[in-house]
Amino acid sequence: MQRLLILVVALGGLLAGGCGSGNSGGPSSAPTVKPPVQTITDPKGAFSGRNVVRHGTTVKIGPTNLGRILVDRVNKPLYLFTRDGKGPSRCYGECALAWPPLLTRRPPRAVAGAKSALLGTSRRSDGALQVTYDGQPVYYYRGDPPGIVRCQGVAEFGGTWYVVKASGTALRS
């Protein structure tokens with residue numbers, strides 16, 4: 001029972017930290033063990049474990065407090081991580097707990113202003129397929145509710161996090 005309490009307190013501390021409170025991303029931020037199961041949103045917008053989408057994950061351009069940007073089907077903002085560039089994800093472990101990757105099991109679908117030609121996937125080290133937009137892996141920020149961007153331009157885990165414009169470029173504002 002005491003171990004469970006310690007685990008709950010430790011996880012609570014990790015999740016309570018806001019954007020900008022994580023690891024600065026130096027060499028020690030690289031994973032040394034297989035990453036944990038990543039969490040992403042379910043259809044109702046709550047975090048609920050591994051994505052179980054049976055069709056391609058949908059992305060669109062939707063309204064947020066920063067204007068119209070790339071979002072998932074329930075308007076949760078999507079971010080790119082400058083440390084990734086147009087390569088595979090470099091966000092695992094604590095990084096992926098704070099910034100869950102957008103995963104899919106089938107080719108992703110673009111609707112409502114998102115560009116199909118920019119959509120793709122990248123294989124994560126655990127075998128999961130992460131959605132990419134213009135070649136860049138995309139992520140959620142765990143603390144963002146639908147339509148609200150809270151961590152734009154935050155330097156964390158060795159890179160900077162930006163929401164994504166319809167063109168696939170970072171919104172740098």
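Me: Buried means under 20% relative accessible area, exposed over 50% and partly exposed in between (1.4 Å probe, protein chains only); why does Asp134 count as partly exposed?

Reply: Asp134 has a relative accessibility of 22%, which falls between the two limits, so this residue counts as partly exposed. The model is predicted, so local features need pLDDT of at least 70 and side-chain atom pairs count only at pLDDT 80 or more, while totals for chains, interfaces and linings use all residues. Residues are numbered from 1 along each chain as its sequence is written, and side-chain values use heavy atoms, with hydrogens and water left out.

Me: What makes the contact between Asp134 and Lys86 a salt bridge?

Reply: The side chains of Asp134 and Lys86 meet at 3.3 Å, N to O, and the rule asks for a side-chain nitrogen of Lys or Arg within 4 Å of a carboxyl oxygen of Asp or Glu, so the pair qualifies. Asp134 lies in the loop between β7 (129–133) and β8, whereas Lys86 lies in the loop between β3 and α2, so the pair ties together parts that are 48 residues apart in sequence. Lys86, at 59% relative accessibility, counts as exposed, and the structure holds 1 salt bridge.

Me: Which side chain of opposite charge is nearest to Asp72, and how far away is it?

Reply: That side chain is Lys76, 6.5 Å away, and Asp72 is buried yet has no salt bridge (Lys and Arg count as positive, Asp and Glu as negative; His and the chain ends are not counted). Asp72 lies in strand β2 (residues 67–72), where helices (H or I, at least four residues) and strands (E, at least two) are DSSP runs numbered from the N terminus.

Me: Why is the pair of Phe81 and Tyr139 called edge-to-face?

Reply: A search of the whole structure finds 6 aromatic pairs. In this pair the ring centres are 6.4 Å apart and the planes stand at 85°, so the pair is edge-to-face: rings of Phe, Tyr and Trp (its six-membered ring) pair if their centres lie within 6.5 Å, and planes under 30 degrees apart count as stacked, over 60 as edge-to-face and the rest as tilted. The pair links distant parts of the chain, with Phe81 in strand β3 (residues 79–81) and Tyr139 in strand β8 (residues 136–139), 58 residues apart. Phe81 at 2% relative accessibility counts as buried, as does Tyr139 at 0%.

Me: What makes the pair of Trp99 and Trp161 stacked?

Reply: Their centres are 4.0 Å apart and the angle between the planes is 0°, so both values meet the limits for a stacked pair. Trp99 lies in the loop between α2 (94–98) and β4 (103–104) and Trp161 in strand β10 (residues 159–163), so the pair ties together parts that are 62 residues apart in sequence. Trp99 is buried at 0% relative accessibility, and Trp161 is buried with a relative accessible area of 0%. Ring pairs link Tyr79, Phe81, Trp99, Tyr139, Tyr141 and Trp161 into a cluster.

Me: How do you know that a disulfide joins Cys91 to Cys95?

Reply: The S to S distance of Cys91 and Cys95 is 2.0 Å, and a pair of cysteine sulfur atoms within 2.5 Å is a disulfide, so the pair qualifies. The torsion about the S-S bond is about -110°, so the disulfide is left-handed. Cys91 counts as buried at 0% relative accessibility, and Cys95 is buried with a relative accessible area of 4%.
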